[in-house]
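Reader: Hello! I am new to this structure and would like a close look at one small part of it, followed by a tour of what lies around it.

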Amino acid sequence: FLAAAAAAASSAVGEGPGVVFIQTARKGSITKAAVGELEQPTAAPGSEDQVAALTELKSEVGDLKSLLLSMQTMLSNGSSGCCNCCQGCASGGETPGGSGVVPPPNEPGLCAAFGDPHFTTFDGAHTVVLREMVMWMVKSDKILIQGLSKTNTGNFMGFAVGGPFMLNHTLVVYNSSLTGDATGKLKVMLDGREILNHWDEKGNAEFEEPFLLWAARRTEWDVSMHDHDVLSIKPSINWAVGPWPKRFQQAPKGGLYYFKLPNEVEITVSGVDYMSAVIKMAPQQGQSGYCGNFNGVAEDEFAPPAPGSVPPVLVPAWNTAVGEGLEQVHDADNLFKLASPELALSAALVQQASALRVGHQEDPMMASPCKDAHALDEAEQACASIPDADLRAACMADFCLTEKASVVDDAALSGVMEERLSDGRVPLFVGHGPCRDIGGQALRAVRTKGVRIAMECQELLREVGAAIAGVVGAQLKTEGTCELVVRPGTDVHDLLDFAPSGGGWVDADLGGGVGDPHGGLGGDSFVAGVEKDLSWNCWRLD
């Protein structure tokens, strides 16, 4: 086999057997063999392992032969036109038409996506989405990367990679809570098949699909594997999860995933802040999407927030993305639907809810299922009793599409079943703003002295809520302290059994006067939504 290689070797160095070096698909395995020795592998007694190795090598070389022949054909088809018209191209000469000098290769850049989701584009712009949708992160002729944000505040829960550069294969990485897994670990699918799911005793795993993908899972940052440039991204503000490198270094939540793809595209991912992902790639012709146009100019990729719309500390991170490729991904182009039936259903619900919300905002990018404003108002009234924001949005969409009131009962029942099936009472993010009941009224809130980090506030809610049924939620203001939200009639003195970090509660006896600074000490029995204010976070116990 590889007669062409042997002939080439003979013509280059004279007569005699050609010797070739062959690199197999196994990492770090290089085998040298004479060309003529691979046809009929033989071995002395006791060398069965060598025979097996040569047999495997022969199979792999067959694959390499096919690849080499394909490359030879491609080069032959393109070489005549190149060499005859561009004598100086290899050394930086003129282009075929004499229109200018061939530019140097494009340098790769980094785009980060995380949280709500926030983006740091290839050109360095900082934007936020704050909505539920399947979006284009990178949209170009060859490279397609989509993102999936969940809930009406846009938690970044997954991304999908496909397009011609992937030979139409699809890689999907997502937070497993999308499909009902309470652990919230990251899952990886290649063409609908889960990979990197068998870990060693250290939690590490590797996967390889020759000429398409090399992937690895690690529990900690590996300086010999991971790209140090990922740690150098400059965030727009100081996030509650800590300095930017903390998202990937030490032992990040959900593990650390690394993907090497064709065209020198690399993606680094962790489960911190729902999901934190960094894409490394070179600019593409006609590139668009939430990672920007990659033209070297950040200013043409965002519009600043309206004056006074967000607290000053958040302004650098709350820019709105502008440009091409910011529309909702159409159903026919949705790469997430190629991963698994469960994820496909979740992605479909995201698109449905997003269409409703966008239509309500009179956004021209997507039509609403509601035929007019009157129908939308009827849907809002019919579904108002459902506390979960996502189920309420899905109820409204179904109401408009079917014009049947029975969907309200179905959605409410789904909410009840979801809560009953939940593994214990866990904090769920409701939105940006102080917590409100179904009627938009404030509930009583008891403030801590020193709990200032979102994760600590959620943990306090989980701990106290497991012991006191009247604790139904928590809220945290930027530069403020955590407040637990309680039902009317709850004896707040029971909270004295718990000692939050940072000095306990604001009032030692938890007497009157401790409440939501936005007014009101009553409210209904559960947290149904928020009074929109980007400087607040609200969670409820489900």
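What is the relative accessible area of phenylalanine 302?

Author: Welcome! Please keep in mind from the start that this is a predicted model. The relative accessible area of phenylalanine 302 is 27%, so this residue counts as partly exposed. The reasoning is short: buried residues have under 20% and exposed ones over 50%, and partly exposed is what falls in between.

Let us place the residue. Phenylalanine 302 belongs to strand S17, a strand that covers 302–303. Setting aside the neighbours within four places in sequence, the residues in contact with phenylalanine 302 are Ala125, Thr127, Asn319, Thr320, Ala321 and Val322. For one of these partners there is also a distance: the C-alpha atoms of phenylalanine 302 and threonine 320 are 5.3 Å apart, while 18 residues separate the two in sequence. Another partner, Thr127, leads us on to strand S5, which spans 126–128.

Strand S5 takes us into an open sheet of eight strands. Its order is S5-S4-S3-S16-S15-S14-S13-S12, and the pairing is antiparallel. Strand S5 stands at one edge and strand S12 (205–209) at the other; each has a single partner strand, so one side of each is left without a neighbour in the sheet. From one strand to the next, the twist averages 10 degrees. As a general point, the strands of a sheet are held in pairs by backbone hydrogen bonds, in either a parallel or an antiparallel manner. Within this sheet you can follow strand S14 (residues 256–261) alongside strand S15 (residues 265–270): six bridges pair them in the antiparallel sense. To find that pairing on screen, look for leucine 256, which has serine 270 of S15 opposite.

Strand S3 of this sheet also carries one end of a disulfide. Cysteine 111 and cysteine 291 are joined by a bond with an S to S distance of 2.0 Å. Because cysteine 111 sits in strand S3 (residues 109–114) and cysteine 291 in the loop between strand S16 (276–281) and strand S17, the bond ties together parts that are 180 residues apart in sequence. That loop brings us back to our starting place, for strand S17 is where phenylalanine 302 is found. The torsion about the S-S bond of cysteine 111 and cysteine 291 is about -80 degrees, so this disulfide is left-handed. Unlike partly exposed phenylalanine 302, cysteine 111 and cysteine 291 are both buried.

A search of the whole structure turns up three disulfides, so let us visit the others as well.

Cysteine 435 is joined to cysteine 538, with 2.0 Å from S to S. Here the torsion is about 115 degrees, so the disulfide of cysteine 435 and cysteine 538 is right-handed. Since cysteine 435 lies in strand S20 (residues 435–436) and cysteine 538 in strand S25 (residues 536–541), this pair connects parts that are 103 residues apart in sequence. Cysteine 435 and cysteine 538 are buried too.

Cysteine 457 pairs with cysteine 482 at an S to S distance of 2.1 Å. A torsion of about 65 degrees makes the disulfide of cysteine 457 and cysteine 482 right-handed. One end, cysteine 457, is in helix H7 (residues 454–467), and the other, cysteine 482, is in the loop between strand S22 (471–477) and strand S23 (483–486), so the pair links parts 25 residues apart in sequence. The relative accessible area of cysteine 457 is 0%, so this residue is buried. Cysteine 482 is buried as well, again at 0%.

There is one more sheet to see. This open sheet has six strands in the order S6-S7-S8-S9-S10-S11, paired antiparallel. Strand S6 (133–139) and strand S11 (193–195) are its edge strands, each pairing on one side only. On average, and with direction ignored, neighbouring strands are turned by 25 degrees against each other. At the S11 edge, strand S10 (residues 186–190) runs antiparallel to S11 and is joined to that strand by three bridges. Among the residues there, leucine 190 has arginine 193 of S11 as its bridge partner.

Finally, step back to the whole chain. Its secondary structure comprises seven helices and 25 strands. The chain has 542 residues, 47% of which count as buried. Of its contacts with a separation of 6 or more, 59% are between residues 24 or more positions apart. The exposed area of the chain is about 26,800 Å², and carbon and sulfur atoms supply 54% of that area.

Notes
Residues are numbered from 1 along each chain as its sequence is written. This is a predicted model: local features need pLDDT of at least 70, side-chain atom pairs count only at pLDDT 80 or more; totals for chains, interfaces and linings use all residues. Side-chain values use heavy atoms; hydrogens and water are left out. Two strands pair if DSSP finds at least two bridges between them. Helices (H or I, at least four residues) and strands (E, at least two) are DSSP runs, numbered from the N terminus. Axes are lines fitted to C-alpha atoms, for helices over the stretch in contact, and angles run from 0 to 180 degrees between N-to-C directions. Buried means under 20% relative accessible area, exposed over 50%, partly exposed in between (1.4 Å probe, protein chains only). Contact means heavy atoms within 4.5 Å. Accessible areas come from the Shrake-Rupley method with a 1.4 Å probe; for residues, only the protein chains shown count as cover. A disulfide is a pair of cysteine sulfur atoms within 2.5 Å.
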